[in-house]
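Reader: I would like to see how the labels in a structure description are earned. Please show me the structure and take the terms one by one.

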Amino acid sequence: MRRAFFICSSGLLLALLLGCKSTKTDLGSSDPFADSGTNFAAVALTNQQNPELLRPTENLFTLGPGDAVEIEVVGTPTSRAMTMVGPDGKIYYYLLPGLDVWGLTLRQTRDLLETQLAKYLTGPQVTLTLRTVGSKHVWLLGRLNRPGIYPLAGPMTLLESIAAAGGTSRSLSQVASEELADLRHSFVVRQGQFIPVDFQRLLHEGDTSQNIYLQPDDFVYVPSVLTQEIYVLGAVRAPRVLPYTERMTLVSAIANGNGMERYDWVSAGGSDSGLFTKDAYLSHVAIVRGSLSSPRIAVVDYNAIVKGKARDIRLEPGDIVYVPNSPFTTVKRYFNIVLNTFVATVAANEGIRAAGGTTGVGTSVPIGR
């Protein structure tokens, strides 16, 4: 089918229910919040890529709107002309009416031109050359030296795409060079789904098992290591990205990140059901922490925290807070929903920003349920 042209807190962690192990929190600590690393269980993922992702597609390039081709009838130099596939998928050449070439390979297009030109010429032989690609692109955004939208005229690996974008950004000084790209949180999105690539292993360890081939409309994002943010997603009224502040907690982040005063107000018995959608399942709130390729997850009872029956959770930069609208039974499935919601939200916002837009989007509906 054709596509459009435009582009737990202590005692409350549910890890046992979800099939993972946890460690015990020191309830005697003078700190009113749980240790930032307590009760986070590793998610059992694999970074062994599907072999299909490591092979170039066997599909030949097909034309689409925005592609430019050069056409010439052999033996007639004056017949050479450049034409572009229009928004309607047609090209116009010589005396021919518009020829629909959207989805045709170059060979099929050449054959079509020869067949149609035969109505006016004797035995025409046509040469057809692809000059520019405007129908197929990959998005390479973030801390790259030349971020942007790049044409995809043929097979291209992730490493080749990063090289085309000038590599990842570094801070240079007279003494050393410092990586500015956050490889632990870099990702590839394909058709709204997260592709599990370990950028650290690929770029720093030369692990070619992570060097997947890209496809049209793939989104590659390399965030800045200098950015310190918290992501609040899922069944909340206002999904958002918050700048991280010292002593930020789960409750303060959900309550718009207003800090300790907000926490005191909520824990004292305040009511603010407007923070969540009506189907929010507050006893299974997830916090995902660490590298996207080696994540850890904690599932906590938010209701118990705001009622003072459990301690709040101290957040760290890069944490993803996710409020579901139903309970889940396995950590891996829950993590995949959280992660796909996260990457879809970040990709959408970065794509809007790259296109010159100023209004971001939030995601309050789980992706990939």
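Author: Ring pairs join Trp139, Phe187, Phe219, Tyr221, Tyr231 and Phe342 into a cluster. This is a predicted model, in which local features need pLDDT of at least 70 and side-chain atom pairs pLDDT 80 or more, while totals for chains, interfaces and linings use all residues. Residues are numbered from 1 along each chain as its sequence is written, and side-chain values use heavy atoms, with hydrogens and water left out.

Reader: What makes two rings a pair, and how many aromatic pairs are there by this rule?

Author: Rings of Phe, Tyr and Trp (its six-membered ring) pair if their centres lie within 6.5 Å; planes under 30 degrees apart count as stacked, over 60 as edge-to-face and the rest as tilted. By this rule there are nine aromatic pairs.

Reader: Why is the pair of Phe187 and Tyr221 called tilted?

Author: The ring centres of Phe187 and Tyr221 are 5.7 Å apart, within the 6.5 Å limit, and the planes stand at 50 degrees, neither under 30 nor over 60, so the pair is tilted. Phe187 belongs to strand β12 (residues 187-190) and Tyr221 to strand β14, so the pair ties together parts 34 residues apart in sequence. Strands here are DSSP runs of E with at least two residues, and helices are runs of H or I with at least four, numbered from the N terminus.

Reader: How do you know that Ser224 is buried?

Author: Buried means under 20% relative accessible area, exposed over 50%, and partly exposed in between (1.4 Å probe, protein chains only). Ser224 has 12%, which is under 20%, so Ser224 is buried. Ser224 sits in the loop between β14 (219-222) and β15 (229-234).

Reader: What makes the side chains of Ser224 and Arg143 a polar contact?

Author: A polar contact is a pair of N or O atoms within 3.5 Å; within protein, one must be able to donate a hydrogen and the other to accept it, and residues adjacent in sequence count only if both atoms are side-chain atoms. The side chains of Ser224 and Arg143 make such a contact at 3.4 Å.

Reader: Why is Asp207 called buried, and which side chain does its own side chain join in a polar contact?

Author: Asp207 has a relative accessible area of 17%, under the 20% limit, so Asp207 is buried. Asp207 is placed in the loop between α4 (199-204) and β14. A polar contact of 2.5 Å links the side chain of Asp207 to that of Arg201.
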